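Subject: Handover of a model

Dear colleague,

Please find the sequence and the structure below, followed by an account of what was found in it. I would be glad if you kept both open while reading.

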Amino acid sequence: MTERNYKKEYKDFHGKKEQRKKRGMRNKARRKVGLKVGDSREVDHKLSLKKGGGNSRKNLRAISRTKNRKKAAK
């Protein structure tokens, strides 16, 4: 098994401007819901972003990872 090169991975993908912006938006949604670092819950958008939902507080809720994955699979 090969060892991951995290510096290269960050440089080639995670460090790109678009990815930093997306990460910032995810973190902002987590702060709005009140999730702390290490919390096992995730942010769920009641109305998906594709259907016009946004990151407004009334469209966000904290739910378990299992429930969020089941909702996404539908």
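**Helix H2 and its surroundings**

In this predicted model, helix H2 takes in residues 17-33, which makes 17 residues, and from its first C-alpha to its last it reaches 25 Å, close to the 24 Å expected at 1.5 Å a residue. The buried residues of this helix are Gln19, Ala29 and Val33. They lie on the same side of H2, because the arc that they cover around the axis is only 85°. As a general point, residues three or four places apart in an α-helix point the same way, because there are 3.6 residues a turn.

On the face of H2 that is turned away from its buried side you will find the exposed residues Lys17, Lys21 and Arg31. As for the other side, the elements that cover the buried residues of H2 include helix H1 (6-14), strand S1 (41-45) and strand S2 (60-64). Just after H2 comes Gly34, whose phi is positive, at about 95°.

**How H1 meets H2**

In general, two packed helices are described by the angle between their axes and the distance between the axes. Here the axes of H1 and H2 come within 7 Å and cross at roughly 90°, and H1 and H2 are therefore roughly perpendicular to each other. On the H1 side the residues that meet H2 are Tyr10, Phe13 and His14, and their counterparts in H2 are Gln19, Arg20 and Arg23. By type, the residues of this contact of H1 with H2 divide into 2 nonpolar, 2 polar and 2 charged. Gln19 thus appears twice in this account, being one of the buried residues of H2 and also one of those that meet H1.

**Some single residues**

Two further residues of H2 may be of use to you when you look at the model, namely Met25 and Lys28. Met25 counts as partly exposed because its relative accessibility is 43%, and although Met25 and Asn55 are 30 residues apart in sequence, their C-alpha atoms are 8.4 Å apart in space. Lys28 is likewise partly exposed, with a relative accessible area of 46%, and its C-alpha atom is separated by 16 Å from that of Gly38, which is 10 residues away along the chain.

Arg61 has its place in strand S2, and with 36% relative accessibility Arg61 counts as partly exposed. Leaving aside its neighbours within four places in sequence, Arg61 is in contact with Val33, Glu42, Val43, Asp44, Lys46 and Lys71. One of these contacts can also be given as a distance, since Arg61 and Val43, 18 residues apart in sequence, are 5.7 Å apart from C-alpha to C-alpha. Another of them, Val33, is one of the buried residues of H2.

Finally, Lys74 lies in the segment after helix H3 (65-73). Lys74 counts as exposed because its relative accessible area is 87%, and between the C-alpha atoms of Lys74 and Lys36, which are 38 residues apart along the chain, there is a separation of 28 Å.

With kind regards

Note on methods. Residues are numbered from 1 along each chain as its sequence is written. This is a predicted model: local features need pLDDT of at least 70, side-chain atom pairs count only at pLDDT 80 or more; totals for chains, interfaces and linings use all residues. Side-chain values use heavy atoms; hydrogens and water are left out. Helices (H or I, at least four residues) and strands (E, at least two) are DSSP runs, numbered from the N terminus. The expected span of a helix is 1.5 Å times one less than its number of residues. Buried means under 20% relative accessible area, exposed over 50%, partly exposed in between (1.4 Å probe, protein chains only). The arc is that of the directions from the helix axis to the C-beta atoms. Contact means heavy atoms within 4.5 Å. Axes are lines fitted to C-alpha atoms, for helices over the stretch in contact, and angles run from 0 to 180 degrees between N-to-C directions. Angles under 35 degrees count as roughly parallel, over 145 as roughly antiparallel, 65 to 115 as roughly perpendicular and the rest as oblique. Ala, Val, Leu, Ile, Met, Phe, Trp, Tyr, Cys and Pro count as nonpolar, Asp, Glu, Lys and Arg as charged, and the others, Gly among them, as polar.
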